[in-house]
Amino acid sequence: MILAAVLSVALIVASIATKGKTGAQTEVAHTGSAVVVPDGALEIPTYTRAREHSQQIEHKAYTVDYNEEWRLANWVAYPLTAEHTKGPVERYNKFDADPQVKGATAQWWDYKHTTYDRGHLVPAGDMKWDETAMRECFYLSNIAPQDHTFNEGDWNYLENRVRGWANFFGEVYVVCGPIVSKHPETIGENCIAVPDSFFKVVLCDMRGEWNAIGFICPNDPTHHNLSHYCRTVDEVERITGLDFFPLLPDDVEKRIEAEYDKDAWRIR
């Protein structure tokens with residue numbers, strides 16, 4: 001009877017739809033058994049409080065939860081493997097409205113004559129492995145107004161560090177998005193909200209031990225070392241109203257979200 005229950009849990013979890021992003025599955029230890037979490041599921045967060053504007057869209061390499069009111073993502077999530085940190089596909093550089101968005105959306109011209117960059121949430125540098133993945137990361141649902149210095153500086157540095165972790169450890173799970181005030185500045189005729197800051201959380205199985213870390217980065221031109229932006233995942237959850245990595249066993253999730261280890265992530 002116990003064996004049947006374990007098999008039932010495994011089958012339920014295995015039935016979650018996958019996007020085929022890496023073609024792999026992750027085994028998560030849970031009460032003495034192994035629960036197989038399909039690729040494309042472990043990184044998906046849930047909400048801890050009601051979110052009125054939330055439209056979840058699946059693309060080849062990532063999932064985006066779109067907010068029509070902001071004309072931005074609430075969050076984007078994707079796994080990144082060592083194999084996907086490199087590839088022959090050239091940068092696409094053509095920003096398009098996401099064809100799957102229902103309702104109001106940003107357009108490329110909304111950013112013209114503004115001081116803001118079209119900043120990627122899922123970076124183009126993570127999509128060089130596939131032409132469709134590269135093209136879809138230029139959908140405006142994956143773009144947010146970013147201060148130019150921040151976009152090319154500290155945000156770009158963090159993106160490069162995430163690729164480095166994926167290369168070193170084999171795979172990471174990433175969730176990131178904007179943090180928007182109640183009455184944000186807007187740009188363009190479609191009134192795109194300008195985020196006050198951005199969050200990113202990263203999960204990694206570091207050779208048999210799960211670790212996670214969060215970051216909160218102000219959307220301004222100031223420069224700081226990466227350690228300045230470090231936060232526990234619990235802190236990011238309180239700010240964003242999201243529950244990250246809910247498919248992990250509760251004891252593992254509680255441990256890794258309450259603290260972070262700079263040495264494990266090689267942050268100085």
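**Exercise 1. Find which residues phenylalanine 169 touches, leaving out those up to four places away in sequence.**

Start with what counts as a touch: a contact means heavy atoms within 4.5 Å. With that rule, phenylalanine 169 touches Cys204, Met206, Arg207, Ala264 and Arg266. Next, place the residue: phenylalanine 169 lies in helix 4, residues 154–169. Helices here are DSSP runs of H or I with at least four residues, and strands are E runs of at least two, numbered from the N terminus.

Before going on, keep in mind that this is a predicted model, where local features need pLDDT of at least 70 and side-chain atom pairs count only at pLDDT 80 or more, while totals for chains, interfaces and linings use all residues. Residues are numbered from 1 along each chain as its sequence is written, and side-chain values use heavy atoms, with hydrogens and water left out.

**Exercise 2. Decide whether phenylalanine 169 is buried or exposed.**

Take the cut-offs: buried is under 20% relative accessible area, exposed is over 50%, and partly exposed is in between, using a 1.4 Å probe and protein chains only. Phenylalanine 169 has 15% relative accessibility, so it counts as buried. For the wider picture, buried residues make up 52% of the 268 residues in the protein chain.

**Exercise 3. Work out the strand order of the open sheet of seven strands.**

Pairing comes first: two strands pair if DSSP finds at least two bridges between them. Following the pairs gives the order 4-5-6-9-12-13-14, with antiparallel pairing. At the edges sit strand 4 (55–58) and strand 14 (230–231), each pairing on one side only.

Now walk through some of the pairs:

- Strand 6 (residues 72–81) and strand 9 are antiparallel, with six bridges; proline 79 has tyrosine 173 in strand 9 as its bridge partner.
- Strand 12 (residues 197–205) and strand 13 are antiparallel too, joined by nine bridges; lysine 200 has phenylalanine 215 in strand 13 as its bridge partner.
- Strand 13 and strand 14 run antiparallel with two bridges, and glycine 214 stands opposite arginine 231 in strand 14.

**Exercise 4. Explain why strand 13 is largely enclosed by the rest of the structure.**

Go along residues 210–218, which form strand 13. Eight of these nine residues are buried, so the strand is largely enclosed by the rest of the structure. Then look at the hairpin of strand 12 and strand 13: four residues lie between the strands, and arginine 207 takes a positive phi near 55 degrees. Arginine 207 is also one of the residues that phenylalanine 169 touches.

**Exercise 5. Describe the lining of the second largest pocket.**

A pocket is found on a 1 Å grid over the protein atoms alone: it is an open set of points where a 1.4 Å probe fits, with protein on both sides within 12 Å along at least five of seven lines, and lining residues have an atom within 4 Å of a point.

1. The lining has 20 residues, with Arg91, His120, Asn151, Asn156 and Glu159 nearest the centre.
2. Strand 7 (116–120), helix 3 (148–152) and helix 4 each supply at least two of the lining residues.
3. Strand 7 gives the largest share, five residues.

Helix 4 is familiar by now, as phenylalanine 169 lies in it.
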